[in-house]
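Q: Got a minute to go through this one with me? I'd like a quick tour before I set anything up.

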2 protein chains.
Amino acid sequence: MGSLDAIFSARSVAVVGASASPDKTGHIILRNIIDGGYAGAIYPVNPKADTILGLKCHASVSAIPGPLDLVVAVVPAKAVPGVIDEAGAKGARGAVVISGGFGEIGNTDLEAELKAAAARHGVRVIGPNCQGFNYTPNRLCASWPLVKAGGPIAVISQSGTVGAAMETWAENEQIGVSGFVALGNKSDVSEMDLVEFFAGDPTTRVIALYVEGIRDGRAFMALMRAVAGRKPVVVLKPGRTEKGKKAVASHTHSIAGSDEVFQGVCRQLKLARASDVTELYDFSKALGYLRRPAGRKMLVVTSSGGCGILATDTAEQCGIDVAPLEERAKEELKKVLPPTCVVGNPLDLTGDANAERYKVAVQAAARTSGADFFLLVFGDPIPGACEAVQELRASISQEVVACYIGGGEVETAEVLKMHRSGIPVFPTPERAVRAVGALLASHTPERS
Amino acid sequence: MGSLDAIFSARSVAVVGASASPDKTGHIILRNIIDGGYAGAIYPVNPKADTILGLKCHASVSAIPGPLDLVVAVVPAKAVPGVIDEAGAKGARGAVVISGGFGEIGNTDLEAELKAAAARHGVRVIGPNCQGFNYTPNRLCASWPLVKAGGPIAVISQSGTVGAAMETWAENEQIGVSGFVALGNKSDVSEMDLVEFFAGDPTTRVIALYVEGIRDGRAFMALMRAVAGRKPVVVLKPGRTEKGKKAVASHTHSIAGSDEVFQGVCRQLKLARASDVTELYDFSKALGYLRRPAGRKMLVVTSSGGCGILATDTAEQCGIDVAPLEERAKEELKKVLPPTCVVGNPLDLTGDANAERYKVAVQAAARTSGADFFLLVFGDPIPGACEAVQELRASISQEVVACYIGGGEVETAEVLKMHRSGIPVFPTPERAVRAVGALLASHTPERS
């Protein structure tokens, strides 16, 4: 089969089953392609309409005037093989089948027909029975909801909802995604093909994967070994419990397999394993933006004593070392900090700390403490936090991880500023520490 | 000592150490009291200014013309006992000492002086060394950041940052708080006094407590037993690990004590114990808004197969029973649902589900399934979700718990609508299930 370029770099796209009714999927996808700012040719196909959303409608795929790269099918399942055939005959080499009604409800013959039609023309197929895909470098959102913000995270998901959640969180936080692909029934394109694609994609810096079952364990391991050096991978794989496994079987007919075995594979291949959707997102932020510290020694620098304790408890649980400060570092810090600060690890700068105090403290500690990385907890409205972290990242060799909490409107503004400048910020000390735990367990390149 | 009414129902408040510089705490607190809409008399006290923020400034507490209920001190520690004396002489019976510089840095004599001054006049004191308090029924935010949204959650916190985070999350989600009190050094008012106050407060439906150490275990248990029948309580208590305990000692000189013992106390007294700040918030939402289901049988109703699996895994881990559907319920559901739905537990309504389908499904299942409660996962942009849940809550006897994820702008609007109408919504299936686990373990009144 051919490459996935006809899908991700499509210069023209047909939406077959485009609809004028705003609540129909065939309308929403067309609208999202238009509103997403796609620069290629867009062809709505619907024999019963003249125009939809201001675009001329075509009676069939064959009736489209220009050349065609990609077809998006939102028609009843029965009609899909014919659509693929027509699109293939017109030269299209990519298809996204949103429609359900195939193998997932027992219609395996129809799915085989779809595959045969695609194979005849060398058309690569995403789906069927899926939520489409979004690829921000081509501004092509053939999915929902509409997400436009470009960023370092690629999301590959057997659940459309998990993918959509990741995308919208990333957009709301002004982090963005390079892409999102829903796997659906995986009649052709699998998570394997997509991991390979995004491993070579220049915009992508981390791959987030939600899968319910892995068909070929050996091939998966071989691929992950090959990808390892290029891009870090975060995996969320449910079916950890007996009832969870049954639910997996009923959802996608996948076999969840032994969770212990999969856990071992993750450890061996240094895949960061998330235990829930929140961690899938947090770990992706960490691995997409941070470098792996050279060791596990963390110095917590905080304006909030309480958050320092919460970070310490979580670190102990994650095997991260909140090592006591050495005398030399203590002396150095006492020289540069007001006497009200509690000089230790956590290093409590107290509630009146400003951004400058963080800078001074971390610079002194970077020279003297032996910490492999710093967790900065901004626990009050502290303007200038973003600039302080930026300057620290430029001036010291250790990695800097940021948490912002309890800072009201100042926090909101500073967090968005940090995200826009490539600094991930976590909303609680516990989430920050767990994300660092994932970073340390991953293939992310080391900071040096 | 007298009641806390002089603090929470104050009809007049003096801010001693009010400042004209926008970045000073003495400015921020005055501004928040004004902007919060406080209806009582506000007296800035600062001998060097004529007016601050448009209000006439007074040279001293004694120089304030009218009667005085409450004094907020933001002056150097040394000056605080004198301020309390003056305020007490003027008839004030409440004080909030923001200033640090007392016992927490070894100045125990000064803290004793402060206590003696307060005792002389029967003044109740919050702090010193704290982030103040906020009480929305009196629209009095003598703290930061400014939070105005009233709601069912009372936050009592030894960490100002944890309290501020809870308040701002509740405000952003349009849930709101009844109040927030920072404990500081607890020279007088303790978490015990505050639990008692909020247990009797008509606006409060759940008490969220962050404490690092409990001074008198027996008294704590007696109080919690007394409160049990009246209000559910959620507790976050760090110091679970050895290094965490050390950090506790260094932050507030508290003794964290044995975590196993505390865990046992929580179980015995049915306090919902949170393991991190996120859970403190989620559990408070659940206990403040939901009724305790009569049993542990949960039916998951979802538009997202993946989220149904994630909910099932988490339920198994929390001891919640995702029981298989009985034949009678299956038959009933098949009658009312399209054939593409996967009738089981999870009940997968599939990605094209609208709000009506949720209503029909849950109503059928409420009659036939034997489930004690329903978890509704809205995993797509589903308009009308709020109305559907409202109608269900009015028409069936079982509790309904909502999760909304991956729904883009529709989600944002529906979640806020639900919160405004008293329905808590959780952002991931895992967080929703864990919150129900806390609900089941708590003293929240049962749904009948």
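A: Sure, and one term up front: contact, or touching, means heavy atoms within 4.5 Å. With that in hand, B:Gly127 touches B:Val97, B:Leu183, B:Asn185, B:Lys186, B:Ser187 and B:Asp188, leaving out residues up to four places away in sequence.

Q: Hang on, what sort of model is this, and how are things numbered?

A: It's a predicted model, where local features need pLDDT of at least 70 and side-chain atom pairs count only at pLDDT 80 or more, while totals for chains, interfaces and linings use all residues. Residues are numbered from 1 along each chain as its sequence is written, chains are lettered from A and ligands numbered from 1 in the order in which they are written, and side-chain values use heavy atoms, with hydrogens and water left out.

Q: Ok, back to B:Gly127. Where does it sit, and is it buried or exposed?

A: B:Gly127 is in the loop between strand E7 (124–126) and strand E8 (132–135) of chain B. Helices (H or I, at least four residues) and strands (E, at least two) are DSSP runs, numbered from the N terminus. B:Gly127 counts as buried because its relative accessibility is 0%; the cut-offs are under 20% relative accessible area for buried, over 50% for exposed, and partly exposed in between, with a 1.4 Å probe and protein chains only.

Q: Let's zoom out. How many helices and strands in chain A?

A: Chain A has 16 helices and 19 strands. Its radius of gyration is 25 Å, close to the 22 Å that the globule rule gives for 448 residues, so chain A is as compact as a globular protein of that length. That radius is taken over C-alpha atoms, and the rule is 2.2 Å times the number of residues to the power 0.38.

Q: What box do the C-alpha atoms of chain A fill?

A: Roughly 80 × 45 × 35 Å along the principal axes. Of the 448 residues in chain A, 63% are buried. For contacts in chain A with a separation of 6 or more, 73% come from residues 24 or more positions apart.

Q: And the charges in chain A, how many of each sign?

A: There are 46 positive and 47 negative side chains, with the centres of the two sets 4 Å apart. Lys and Arg count as positive and Asp and Glu as negative, while His and the chain ends are not counted. Each charge is placed at NZ of Lys, CZ of Arg, CG of Asp or CD of Glu.

Q: New topic: what turn lays chain A on chain B?

A: A turn of 180° with a shift of 0.0 Å along the axis, giving an RMSD of 0.0 Å. That is the relation of a two-fold axis. The copies are superposed by least squares on the C-alpha atoms of residues with pLDDT of at least 70 in both.

Q: Which C-alpha in chain A is nearest the axis?

A: That of A:Thr278, 5.5 Å from it. The same surface serves both copies, with 100% of the contact residues of chain A recurring in chain B. A:Thr278 lies in helix H10 (residues 277–289) of chain A and is buried, with a relative accessible area of 12%. Leaving aside neighbours within four places in sequence, A:Thr278 is in contact with A:Arg431, B:Thr428 and B:Arg431.

Q: What about B:Thr312, what does that one touch?

A: Not counting residues up to four places away in sequence, B:Thr312 touches A:Thr241, A:Lys243, A:Gly244, A:Ala247, B:Val322 and B:Pro346. B:Thr312 is in helix H11 (residues 305–318) of chain B and is buried, at 1% relative accessible area.

Q: Since B:Pro346 came up, what kind of peptide bond joins it to B:Asn345?

A: A cis one, with omega about 5°. B:Pro346 sits in the loop between helix H12 (327–336) and strand E16 (347–348) of chain B. Chain A has a cis bond joining A:Trp144 and A:Pro145, with omega about -5°. For context, most peptide bonds are trans, and most residues other than glycine have a negative phi.

Q: Ok, so what's phi for A:Lys270?

A: Near 60°, a positive value in a residue other than glycine. A:Lys270 is in the loop between helix H9 (259–269) and strand E14 (272–274) of chain A, and at 38% relative accessibility A:Lys270 counts as partly exposed. For B:Lys270, phi is near 55°.
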